[in-house]
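Visitor: I have a structure open on my screen and would like to learn how to read it. Could you take me through some of its features?

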Amino acid sequence: MSRVKVIAGNWKMNKTPSEAAEFLSELRESVKDIKNDIIAAVPFVCIPAAVQAVSGSNIKIAAQNMHWKDKGAYTGEISGGMLKDLGIEYVIIGHSERREYFAETDETVNLKAHAAFEYGITPIICVGESLSQRDAGITAEHIRIQVKGALVGLSAEQVSSLIIAYEPIWAIGTGRTATPEQAEEVCSLIRETVRELYSEAVSEAVRIQYGGSVTAETSSVLFSMPDIDGGLVGGASLKVKDFTIIAGYKK
Ligand code: PEP
């Protein structure tokens, strides 16, 4: 099966709403002929400006997080309903920075994935090992646990449509990209885990990204690996030229 590549920029806590609008107006021109799926995950406050700036283009807007409850006494949180109302189509869930600094667990990742689907928002679920886990030889075990935990109770149809981002923590923001072989090994393990949990068809449909210091120089060899269906890109997604090269990957 040939899966459409999906390249998502994770802006993290960067750009004001006016900077987002300006950046996306430039980016939409720059990527207009690209056939891959292109997503920009912007800060919550940038969402209205971003949705407006990409209207009618081939760029979709994602949120970087959401709460699993519909509404209520959760000061500072944002629900799926609020995001959907603003035109959000994707949401990053379980990024390692959220797991590390904001106590996200496999359980909350799973709750958020269910909540995203309730609102018709596609989750981009992040998994990845730390350097000490890799050095201890427990990468495969850790990734399997994260994937299984994230997918509990999701239907075959839901899993076929979502995105899993493999992001080794030691590669995020460090300039130390995983080698294509290292990234492929884990992405293939993720696909195998989905096959065991669901079916061959679901594992062939689910899209798996690599993320971790992807650059305009390293993206094409990474994305050419059989189980890597694109990338989740942090730093390089903040530059129009670099992100255009990365998003424009062709076989
Ligand atoms: C990320 O934030 O998901 C990421 C992969 O960041 P960077 O590309 O900067 O390593």
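Visitor: How far is an oxygen atom of the ligand from an N or O atom in the side chain of His95?

Guide: Look for pairs of N or O atoms within 3.5 Å, the cut-off for a polar contact. In this predicted model, the His95 side chain offers an N or O atom 2.9 Å from a ligand oxygen. The backbone takes part as well: a backbone N or O atom of Gly234 sits 2.8 Å from an oxygen atom of the ligand, and a polar backbone atom of Gly235 is 2.9 Å from a ligand oxygen.

Visitor: How much of the ligand's surface does the protein bury?

Guide: Start from the ligand taken alone, which exposes 300 Å². The protein buries 95% of that area.

Visitor: Which residues are closest to the ligand, and how many surround it?

Guide: Here you count residues with a heavy atom within 4 Å of the ligand. There are 14 of them, and the closest are Lys12, Glu167, Gly173, Ser213 and Gly234. Gly234 is the residue whose backbone atom lies 2.8 Å from a ligand oxygen.

Visitor: What classes of residue make up that shell?

Guide: Sort the shell by side-chain class, remembering that Gly counts as polar here. You then find eight polar, four nonpolar and two charged residues around the ligand.

Visitor: Lys12 came up in that list of closest residues. Where does Lys12 lie in the fold?

Guide: Lys12 is in the loop that links β1 (6-10) to α1. Its backbone deserves a look too: phi is near 55°, a positive value in a residue other than glycine. Ala103 is another case, with phi near 55°, and Ala103 belongs to the loop between α4 (96-101) and α5 (106-118).

Visitor: Now to the helices. At what angle do α1 and α2 cross?

Guide: Picture a line along each helix and compare their directions. The axes of α1 (residues 17-30) and α2 (residues 47-54) come within 8 Å and cross at roughly 20°. Angles under 35 degrees count as roughly parallel, so α1 and α2 are roughly parallel to each other. Their crossing is right-handed.

Visitor: And how do α7 and α9 pack: at what angle, and how far apart are their axes?

Guide: Helix α7 (residues 139-151) packs against helix α9 (residues 180-197) at about 45°, with the axes 10 Å apart. That angle makes α7 oblique to α9. This crossing, of α7 and α9, is right-handed.

How values were computed
Residues are numbered from 1 along each chain as its sequence is written. This is a predicted model: local features need pLDDT of at least 70, side-chain atom pairs count only at pLDDT 80 or more; totals for chains, interfaces and linings use all residues. Side-chain values use heavy atoms; hydrogens and water are left out. A polar contact is a pair of N or O atoms within 3.5 Å; within protein, one must be able to donate a hydrogen and the other to accept it, and residues adjacent in sequence count only if both atoms are side-chain atoms. Accessible areas come from the Shrake-Rupley method with a 1.4 Å probe; for residues, only the protein chains shown count as cover. Axes are lines fitted to C-alpha atoms, for helices over the stretch in contact, and angles run from 0 to 180 degrees between N-to-C directions. Helices (H or I, at least four residues) and strands (E, at least two) are DSSP runs, numbered from the N terminus. Angles under 35 degrees count as roughly parallel, over 145 as roughly antiparallel, 65 to 115 as roughly perpendicular and the rest as oblique. A crossing is left-handed if the near helix is turned anticlockwise from the far one by less than a right angle, and right-handed if clockwise.
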